[in-house]
Amino acid sequence: MTRRRFPVRMAAPALVLAPMLLIPAAVPARAAPPAAAIGPTAATLGCRLYFNDAGTGSSPTVWQDTFTLTQSPAEPKVGDTVTVTLTAPTGPDNGPVGLNAGDVPVNVTLALGGSLSGSATLRMSSYPARAVAPAEPLGPITATGTYFAAAAGAATLTVGRVTFANASATTHCSAAGDRDHKAAPVPTSIVESFTVGGTGTATPPPSPSASATPSPSAKPSPSLPPSATDDPPSATDEVDTPAQPFGPTSVKLNCKTLSSLSAWTATHTLSMSPSNPGRGAKVTVSLKFSAGPKSGPVPVGAGDLVPKATVKVGGAGSGTMNLKGPAYGAIDAYAALPGATLTGTYTTSQAGLVSLTVTNIVFDHPQVDTECNAGADPVTGPKETSIVAKFTVKSRAATDNEGEGGGNGDGGGSLPTTGEGGVTTLMLLWSSAALLLGVGLVVVLPRRRRILRS
């Protein structure tokens, strides 16, 4: 078998694709304890790369691997919640750019057919398991999900689409051939046939543990309509995915105040709470640094200097958000600013891996502001920092506690989407000039700037 490499990699960790396969197998007469594995079986899918998961896709590729599907219980009965696991030992090849561990969550959409209907999603929330060099195999895939066995009779599971949800370049795969695999997926030939035992039908419990949305009605064959999404109603018992907070790690940034450039090195920590929320949850994001830059030759009055930051939200979410810390007390000339903790909130939308990147830190002063980021000139050539954290949003709806959130006043709010409001202000922050008192740091959010008079 020939494996072709995916040209699925861009400037940001762009990813490759990987498919899943199910194979028709005879249902054992009675399988109770260990579930019988189906496969291993070789299969091929067609895939396309979607930048920021938009457009009709590009860079068509073919991906081949050997797949094994396991159901537990292996011989389900009406009313059972069935766990499905799909594995592939090699994984697709990485693109031309190295990939970090956990950059590409895997989602596999299954169509239920025969006596069952609806869909189920298998997930591997953190993939690959390690950093992968360009053109190297991404490694083993194990995706797991559940469905509810609602009706007795002959049933099928069909792999409809496989998605590799990289924050910068998502890959969608379906049946072999080149097409828009995101908007118009075609069910693959990976089909598992089995029998649901018992009689009649069953209704899922009020708090379903299945990631499918079955109904008693039967369909002659499974289908995956173009409108299917990667986030169908899903299990309340989804496994908590460990968050990946940043730090504490020493980071060097460049700062600019008026025309003065200076370097700032401090230990930064970026975290979020809750770390594994449902859709619609209010997440509090916190940025803590051990010490600020030095103040300039002019003392700063108490309450005049406020640390603020901008965070870009990527992956299964998009937009920017503001963080804000408490105002500093009086600061002497040439004194090092104390450390601070900045917080803000935003509301999750889609399920999947979310990335948080600190793009700018500003020390806001009524007269002179300082702007800090990774750019050589933080004002005329701003550049995102290396302060990046990640966490996974579950496909279930947020609980009441997750909807309460926290954070302070103007540091919070939902992610901006379209129209007026937070977007304009946040965009201005990205290009605003940050200035230091003399040579000290003080940052500004987009606001009308006062002119210093001599």
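D103 and K390 form a salt bridge in this predicted model, and their closest N and O atoms are 2.2 Å apart. D103 sits in the loop between β3 (81-88) and β4 (106-114), while K390 belongs to strand β18 (residues 388-393), so the pair ties together parts that are 287 residues apart in sequence. Are these two partners buried or exposed? Both D103 and K390 are buried.

Let's look at the other charged pairs. The structure holds six salt bridges, and one of them joins the side chains of D377 and K256, with 2.9 Å from N to O. Here D377 lies in the loop between β17 (370-373) and β18, and K256 lies in strand β10 (residues 246-257), so this pair connects parts 121 residues apart in sequence. D377 and K256 are both buried.

Another salt bridge brings together the side chains of D178 and R48, at 2.7 Å from N to O. This pair also links distant parts of the chain: D178 is in the loop between β8 (169-174) and β9 (191-201), R48 is in strand β1 (residues 37-51), and they are 130 residues apart. How do the two ends compare in accessibility? D178 has a relative accessible area of 49%, which makes it partly exposed, because exposed would need over 50%. R48 has 15% relative accessibility, so it counts as buried, the limit being under 20%.

Now for the cysteines. How many disulfides does a search of the whole structure find? The search finds two, and here they are side by side:

| Disulfide | S to S distance | Torsion about the S-S bond |
|---|---|---|
| C47 to C173 | 2.1 Å | about 110 degrees |
| C255 to C372 | 2.2 Å | 115 degrees |

The torsion of the C47 and C173 bond makes that disulfide right-handed, and the link of C255 and C372 is right-handed as well.

Where do these bonds sit in the fold? The disulfide of C47 and C173 links distant parts of the chain, with C47 in strand β1 and C173 in strand β8, 126 residues apart. C47 is buried with a relative accessible area of 1%, and C173 is buried with 0%.

In the other disulfide, C255 lies in strand β10 and C372 in strand β17, so the pair ties together parts that are 117 residues apart in sequence. C255 is buried, with a relative accessible area of 0%, and C372 also counts as buried at 0% relative accessibility.

Finally, what pattern do the disulfides follow when bonded cysteines are counted along the chain? The pattern is 1-2, 3-4.

Methods. Residues numbered from 1 in each chain as written. Predicted model: local features only at pLDDT ≥ 70, side-chain atom pairs only at ≥ 80, totals over all residues. Heavy atoms only, no water. Salt bridge = Lys/Arg side-chain N within 4 Å of Asp/Glu carboxyl O. Helix = DSSP H or I, 4+ residues; strand = E, 2+ residues; numbered from the N terminus. Buried < 20%, exposed > 50% of the residue type's maximum accessible area, 1.4 Å probe, protein only. Disulfide = S-S within 2.5 Å.
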